[in-house]
Amino acid sequence: MDNKTIMNQAESYLADVSEKTVYVENQPNRIDVYIAPQNVKQAVKALFDHSWGYLITITAYDTTDENGDPQIGVIYHFGEQNVICAIRLFLPHSNRVIDTICDIIPSATVYERECRELFGIDIVGTPDQSKLLLPDDWPDGVYPMLKS
């Protein structure tokens, strides 16, 4: 199956939750699908139910929206053959809350713990909330990857 067909599959599986889909110009094997934070479980489940790919990683980054308001970008990277599907969402700094996907993909716990610990994202329902990278005596409420 060629890359275009695989990307079209991902796009169709995520159509119910997609706010915007971007075929990345200089990366012919990548598709970015933007969703609302409350749809993360539905999006991940759609790929999982269709056996489309595997979770590569979850990444977060501190950024601003078009008005200059701080927000956290979260990307769920999935791979199928040599195609990458990036499910992207944004959380305002004032409400860094998202649902876990560990009930769908248990191994996501490592990535969720990292996002929680470094960016202060409250991942509701994640099974393990112990520290992963920072020392046990690291102060609560201090998130080293936040620009602020």
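User: Before we start, what counts as a cavity here?

Analyst: A cavity is a set of grid points where a 1.4 Å probe fits but cannot get out, while a pocket is an open set. Keep in mind that this is a predicted model. Going by that rule, there is one cavity of 30 Å³ or more.

User: Okay, how much volume does the largest cavity have, and which residues line it?

Analyst: Its volume is about 40 Å³. Around the largest cavity you'll find Ile58, Val74, Tyr76, Ile98, Glu112, Cys115, Ile121 and Ile123. Strand S4 (70-80) and helix H3 (109-119) each give at least two residues to that lining.

User: What classes of residue make up the lining of the largest cavity?

Analyst: Seven are nonpolar, none is polar and one is charged.

User: And the largest pocket: what is its volume, and what lines it?

Analyst: The largest pocket holds about 190 Å³ of space. Its lining includes Arg116, Glu117, Lys131, Trp138 and Asp140. By class, the pocket lining splits into five nonpolar, three polar and four charged residues.

User: Let's try a single residue. Is Leu55 buried or exposed?

Analyst: Buried means under 20% relative accessible area. Leu55 comes in at 13% relative accessibility, so it counts as buried. You can find Leu55 in strand S3 (residues 54-64).

User: Which residues does Leu55 touch, leaving aside those up to four places away in sequence?

Analyst: Leu55 touches His77, Phe78, Ile101, Ile105, Ala108 and Tyr111. Also, look at Tyr76, one of the residues lining the largest cavity: Leu55 and Tyr76 are 21 residues apart in sequence, with 7.3 Å from C-alpha to C-alpha.

Terms used:
Residues are numbered from 1 along each chain as its sequence is written. This is a predicted model: local features need pLDDT of at least 70, side-chain atom pairs count only at pLDDT 80 or more; totals for chains, interfaces and linings use all residues. Side-chain values use heavy atoms; hydrogens and water are left out. Helices (H or I, at least four residues) and strands (E, at least two) are DSSP runs, numbered from the N terminus. Buried means under 20% relative accessible area, exposed over 50%, partly exposed in between (1.4 Å probe, protein chains only). Contact means heavy atoms within 4.5 Å. On a 1 Å grid over the protein atoms alone, a cavity is a set of points where a 1.4 Å probe fits but cannot get out, and a pocket is an open set with protein on both sides within 12 Å along at least five of seven lines; lining residues have an atom within 4 Å of a point. Grid points are joined across faces, edges and corners, and a volume is the space filled by probe spheres set on the points. Ala, Val, Leu, Ile, Met, Phe, Trp, Tyr, Cys and Pro count as nonpolar, Asp, Glu, Lys and Arg as charged, and the others, Gly among them, as polar.
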